[in-house]
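Here's a quick tour of one fold, strand by strand. Have the viewer open and follow along.

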Amino acid sequence: MRMYRTEIKVEWAHCDAAGIVFYPHFYTWFDQATERLFSANALSYKELEQDFNTAGMPLLETGARYENASRLGDQLTMETEVSEWAGKIFTVSHTLTHADRRLALKGFERRIWVTRDPEHPAGIRSIPVPEEIKARFKD
């Protein structure tokens, strides 16, 4: 599966006093969508650890460009995909649109692939993303 689609209904708890989504919620939604995208490709965190000795996919950089405010009661669609594989680093892109197809925002997460390694001080080290992982995201 190359792209994962999530439907989000903006609720009271997502909003600030002006009734607009408080920005940290977008980053929670990004993280959840990334996990769901990988799980949809039989790469849940548990499967990654068991099958690939993966210790996680730490964030290196995140960002978002806001186009049209998301408000209480809005129905949003978020499309999530890996937009770039670059050795040890990969980028997950998120596009949120309103029900009327107006762009709400575009965001990204730049992540690094790490494996467990007791020989390193932190107990992990970065490695290139395995080809088998990347192959699961092809059309």
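What follows is a walk through the sheets, the helix and a few residues of this predicted model.

**The five-strand sheet**

Let's begin with the sheet that has five strands. It is open, its strands come in the order β1-β4-β5-β6-β3, and the pairing is antiparallel. At the edges sit β1 and β3, each of which pairs on one side only. Ignoring direction, neighbouring strands of this sheet are turned by 20° against each other on average. Helix α1, residues 24–40, packs on the sheet and touches β1, β3, β4, β5 and β6. The direction of α1 makes about 65° with that of β4. As for what holds such strands side by side, strands of a sheet pair through backbone hydrogen bonds, either parallel or antiparallel.

Here are three of the pairings, with the residues each strand covers:

| Pair | Residues | Bridges | Sense |
|---|---|---|---|
| β1 and β4 | β4: 75–86 | seven | antiparallel |
| β4 and β5 | β5: 89–98 | ten | antiparallel |
| β5 and β6 | β6: 103–112 | nine | antiparallel |

If you want to check the register, several residue pairs will help. Lys9 has Gln75 in β4 as its bridge partner. Going on to β5, Leu76 stands opposite His98, and Met78 stands opposite Leu96. Between β5 and β6, Thr91 has Arg110 as its bridge partner, while Val92 stands opposite Glu109.

Two hairpins are worth a look for their backbone angles. β4 and β5 form a hairpin with two residues between the strands, and Gly87 takes a positive phi near 70° there. In the hairpin of β5 and β6 there are four residues between the strands, and Arg101 in the turn has a positive phi of about 75°.

**The three-strand sheet**

There is also an open sheet of three strands, ordered β2-β7-β8 and paired antiparallel. Its edge strands are β2 (54–56) and β8 (124–126), each pairing on one side only. From one strand to the next, the twist averages 45°. β2 and β7 (residues 114–116) run antiparallel and are joined by two bridges. Here Gly56 stands opposite Val114 in β7.

**Zooming in on Thr6**

Thr6 belongs to strand β1, which spans residues 3–9. Is Thr6 buried or exposed? Thr6 counts as buried because its relative accessible area is 8%, and buried means under 20%. Which residues does Thr6 touch, once neighbours within four places in sequence are left aside? Its contacts are Ala33, Arg36, Leu76, Thr77 and Met78. Two of those names came up above: Leu76 is the residue opposite His98, and Met78 is the one opposite Leu96. Leu96 also makes a handy distance check, with its C-alpha atom 9.2 Å from that of Thr6 although the two residues are 90 apart along the chain.

**Out at the surface**

For a contrast, go to Tyr66 in strand β3, which covers residues 59–66. Why is Tyr66 classed as partly exposed? Its relative accessibility is 42%, so Tyr66 falls in the partly exposed class, the one between the 20% limit for buried and the 50% limit for exposed. Together with Phe22 and Tyr23, Tyr66 makes a nonpolar surface patch of about 340 Å².

Definitions and conventions. Residues are numbered from 1 along each chain as its sequence is written. This is a predicted model: local features need pLDDT of at least 70, side-chain atom pairs count only at pLDDT 80 or more; totals for chains, interfaces and linings use all residues. Side-chain values use heavy atoms; hydrogens and water are left out. Patches are made of residues with over 30% relative accessible area and no salt bridge: like charges are joined within 9 Å, nonpolar side chains (Val, Leu, Ile, Met, Phe, Trp, Tyr) within 5 Å. Accessible areas come from the Shrake-Rupley method with a 1.4 Å probe; for residues, only the protein chains shown count as cover. A salt bridge is a side-chain nitrogen of Lys or Arg within 4 Å of a carboxyl oxygen of Asp or Glu. Buried means under 20% relative accessible area, exposed over 50%, partly exposed in between (1.4 Å probe, protein chains only). Contact means heavy atoms within 4.5 Å. Two strands pair if DSSP finds at least two bridges between them. Axes are lines fitted to C-alpha atoms, for helices over the stretch in contact, and angles run from 0 to 180 degrees between N-to-C directions.
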